[in-house]
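Visitor: Hi! Could you walk me through this one while I have it open on my screen?
Guide: Happy to. Let's bring it up and start with a pair of strands.
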Amino acid sequence: MKNSFDEKILEEAKDWITANQKVVIATVIQTWGSSPRQVGSRMIVNEKGDFSGSVSGGCVESAVVRECIGIIKEKKPFKKIEFKVSNESAWEVGLACGGEIAVYLEQIN
Amino acid sequence: MKKQLLNQIIKKKENKDEFAIITNITSGESCIFEKNKPIDKNFEKYLDQIKNYFEKKKNGIIENTDIFVETYIRPIKIIIVGAVHIAQYLVDYAKSLNFEISIIDPRGYFASEQRFPDLKIINKWPEEAFKEIETNSNTALIALTHDPKIDDPALQHALKNKFYYIGALGSKKTHESRCQRLKDAGFSETEINSIHGPVGIKLGGRSAPEIALSIIAQLVAETHKR
């Protein structure tokens, strides 16, 4: 029973593209341990760093936005990134919940 | 992903088709998979595994490959009988959950477009209305009029067509007499007991949005139990 509670992120991506924005779709493709969002969860990011949707519970979104802007600037069509458990004492990006996720970024062209 | 593919995906979602998006995460290529249709050449050698994911309605990377599969199934259909105040809030909740909603109410003054903008409202008696809606075991019914003339035929249709969720508004007393009427109409105890009545989970609230929330909470829970 997947996707009956779909979040309509792709539809939003289409609206952004129609408004002449550059859009990267970020999709959770793999999870290990207690990750907050399931495989298939999505967020979209434009060249200004506006975003919608989510790939975690707010833990790694800022890093995903940075990566997305990065691939738009470098004109890279896609990229895979992984996030691991964060070290609480450091100001690094990670999943405080202890899970791990892999996120696939792809530019709409 | 190509803009054209994105548009195709959205079109398929609008048409309520069942399909999967297939992505090769090393090459960046992607395509749409549909049952009984040929797949893009670059993905041919994974066809059996893709089919397997599709059948199980699974999302994920196929083991020992770089192929990511995301399956889309048809949204669940909810039929609300009674275009009443509670229905207005139900519609709001149901929309953000991506349920497909139809409202049946033979009373024109309730079922107005102004009260329910952008929604399929069938201004007919249930027997007639159900001729216009395809229903099956993936359909849910929420009966809200607590008027036997309107609710009962809808409940009977839902029981006969094995809807996975049937809820009926009304007090315990109203529900008892409803059950008796269904019994008299020849429905079995198991069938009658499958009706959620009084409808909704216990939240304690009595306002229209609270009752709507309690119904939608029960509906989501039952949807995941299937």
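Visitor: Okay, how many bridges are there between β1(A) and strand β2 of chain A, and in what sense do they pair?
Guide: There are 5 bridges, and β1(A) and β2(A), residues 42-46, pair in the antiparallel sense. This is a predicted model, by the way.
Visitor: Noted. Which residue is the bridge partner of A26(A) in β2(A)?
Guide: That is M43(A).
Visitor: And how many bridges join β1(A) to β5(A)?
Guide: β1(A) and β5(A) are joined by 8 bridges and run antiparallel. Within that pairing, T27(A) stands opposite Y104(A) of β5(A).
Visitor: Is β1(A) mostly covered or mostly open?
Guide: Mostly covered: of the 10 residues in β1(A), 7 are buried.
Visitor: Let's switch to the interface. How many residues does each chain bring to the contact?
Guide: Chain A brings 24 residues and chain B brings 26 residues.
Visitor: Which elements of chain A each supply at least two residues to the side that touches chain B?
Guide: Those are α1 (9-18), β1 (23-32), β4 (78-83) and β5 (100-107) of chain A. The largest share comes from α1(A), with 5 residues.
Visitor: What about the chemistry of that side, how do the residues divide?
Guide: On the side of chain A that touches chain B, 12 residues are nonpolar, 5 are polar and 7 are charged.
Visitor: Now chain B. What does its overall layout look like?
Guide: Chain B has 8 helices and 10 strands. Its C-alpha trace spans about 65 × 40 × 35 Å along the principal axes. The chain is divided into domain 1 (3-72) and domain 2 (77-225), and the C-alpha centres of these two domains of chain B lie 35 Å apart.
Visitor: How much of chain B counts as buried?
Guide: 35% of its 226 residues. As for contacts in chain B between residues at least 6 apart in sequence, 54% join residues at least 24 apart.
Visitor: One last element: why does the length of α8(B) agree with what a helix should span?
Guide: Helix α8(B), residues 208-225, has 18 residues, so at 1.5 Å a residue it should span 26 Å, and its end C-alpha atoms are indeed 26 Å apart.
Visitor: Which residues of α8(B) are buried?
Guide: I211(B), A212(B), S214(B), I215(B), I216(B) and L219(B).
Visitor: And what covers them?
Guide: The cover over the buried residues of α8(B) includes α3 (85-96), β8 (139-143) and β9 (165-168) of chain B.
Visitor: Is there a general helix rule to keep in mind while I look?
Guide: Yes: an α-helix has 3.6 residues a turn, so residues three or four places apart point the same way.

Notes
Residues are numbered from 1 along each chain as its sequence is written. Chains are lettered from A and ligands numbered from 1 in the order in which they are written. This is a predicted model: local features need pLDDT of at least 70, side-chain atom pairs count only at pLDDT 80 or more; totals for chains, interfaces and linings use all residues. Helices (H or I, at least four residues) and strands (E, at least two) are DSSP runs, numbered from the N terminus. A residue is buried if 20 or more other C-beta atoms lie within 10 Å of its own, exposed if 12 or fewer, and partly exposed in between; C-beta atoms are placed from the backbone. Two residues are in contact if their C-beta atoms, placed from the backbone, lie within 7 Å. Domain bounds come from an automatic or database domain assignment. Ala, Val, Leu, Ile, Met, Phe, Trp, Tyr, Cys and Pro count as nonpolar, Asp, Glu, Lys and Arg as charged, and the others, Gly among them, as polar. Two strands pair if DSSP finds at least two bridges between them. The expected span of a helix is 1.5 Å times one less than its number of residues.
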